Amino acid sequence: MSTPSLTEMRSLWEQVTLKADPWLDGLNARDLLADLLLEGKSVGQTIGSAMRRVTYHYWYHIGEIQATRQMLGHVALPEYVGDLEELAPYRPE
């Protein structure tokens with residue numbers, strides 16, 4: 001286990017996002033409604049729903065920082081985002 005430098009991680013983050021942005025920018029509503037495939041088989045969610053899940057997953061980990069809020073006595077902190085595919089699937093505009 002190691003802790004890489006912030007400078008190294010920011011550089012890698014920028015490389016990844018620069019490569020991902022053209023693909024993401026090219027998506028349209030029809031693309032987002034397509035099944036997400038793994039080895040040619042549907043994984044049970046659309047590309048749009050998977051993107052939402054990744055976004056919420058990211059937010060969830062950021063929310064872990066809220067443990068500090070808990071230690072400060074804050075209440076009613078957010079919980080895991082839950083069953084997004086059922087409760088909040090991607091819907092086109």
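User: How are helices and strands picked out and named?

Analyst: Helices (H or I, at least four residues) and strands (E, at least two) are DSSP runs, numbered from the N terminus. This is a predicted model, where local features need pLDDT of at least 70, side-chain atom pairs count only at pLDDT 80 or more, and totals for chains, interfaces and linings use all residues. Residues are numbered from 1 along each chain as its sequence is written, and side-chain values use heavy atoms, with hydrogens and water left out.

User: OK, and which helices line the second largest pocket?

Analyst: First, the idea of a pocket. On a 1 Å grid over the protein atoms alone, a pocket is an open set of points where a 1.4 Å probe fits, with protein on both sides within 12 Å along at least five of seven lines; lining residues have an atom within 4 Å of a point. Here, α1 (6-25) and α3 (47-63) each supply at least two lining residues, and α3 gives the most, with 6. Among the lining residues are Trp-23, Leu-24, Met-51 and Arg-52.

User: What is the volume of the second largest pocket?

Analyst: Grid points are joined across faces, edges and corners, and a volume is the space filled by probe spheres set on the points. For this pocket that comes to about 190 Å³.

User: How do I check the length of α3?

Analyst: The expected span of a helix is 1.5 Å times one less than its number of residues. With 17 residues, α3 should span 24 Å, and its end C-alpha atoms are indeed 24 Å apart.

User: Which residues of α3 are buried?

Analyst: Buried means under 20% relative accessible area, exposed over 50%, and partly exposed in between (1.4 Å probe, protein chains only). In α3, the buried ones are Ile-47, Gly-48, Ser-49 and Ala-50. Ser-49 counts as buried because its relative accessible area is 5%.

User: What touches Ser-49, and what covers the buried part of α3?

Analyst: Contact means heavy atoms within 4.5 Å. Not counting residues up to four places away in sequence, Ser-49 touches Glu-85, Pro-89 and Tyr-90. The cover over the buried residues of α3 includes α1, α2 (29-32), β1 (35-38), β2 (41-46) and α5 (84-87).

User: And how many aromatic pairs does the structure hold?

Analyst: Rings of Phe, Tyr and Trp (its six-membered ring) pair if their centres lie within 6.5 Å; planes under 30 degrees apart count as stacked, over 60 as edge-to-face and the rest as tilted. The structure holds 2 such pairs. One of them is Trp-13 with Tyr-58, which is stacked, at 6.2 Å centre to centre and 25° between the planes. That pair links distant parts of the chain, as Trp-13 sits in helix α1 and Tyr-58 in helix α3, 45 residues apart. Trp-13 is exposed, at 52% relative accessibility, while Tyr-58 is partly exposed, at 47%. Tyr-56 and Trp-59 have ring centres 5.1 Å apart and planes at 70°, so their pair is edge-to-face. Both lie in helix α3, 3 residues apart, about one turn of the helix.

User: What is the phi of Glu-39, and where does Glu-39 lie?

Analyst: Most residues other than glycine have a negative phi. Glu-39 has a positive phi of about 55° although it is not a glycine. You'll find Glu-39 in the loop between β1 and β2, where its 78% relative accessibility makes it exposed.
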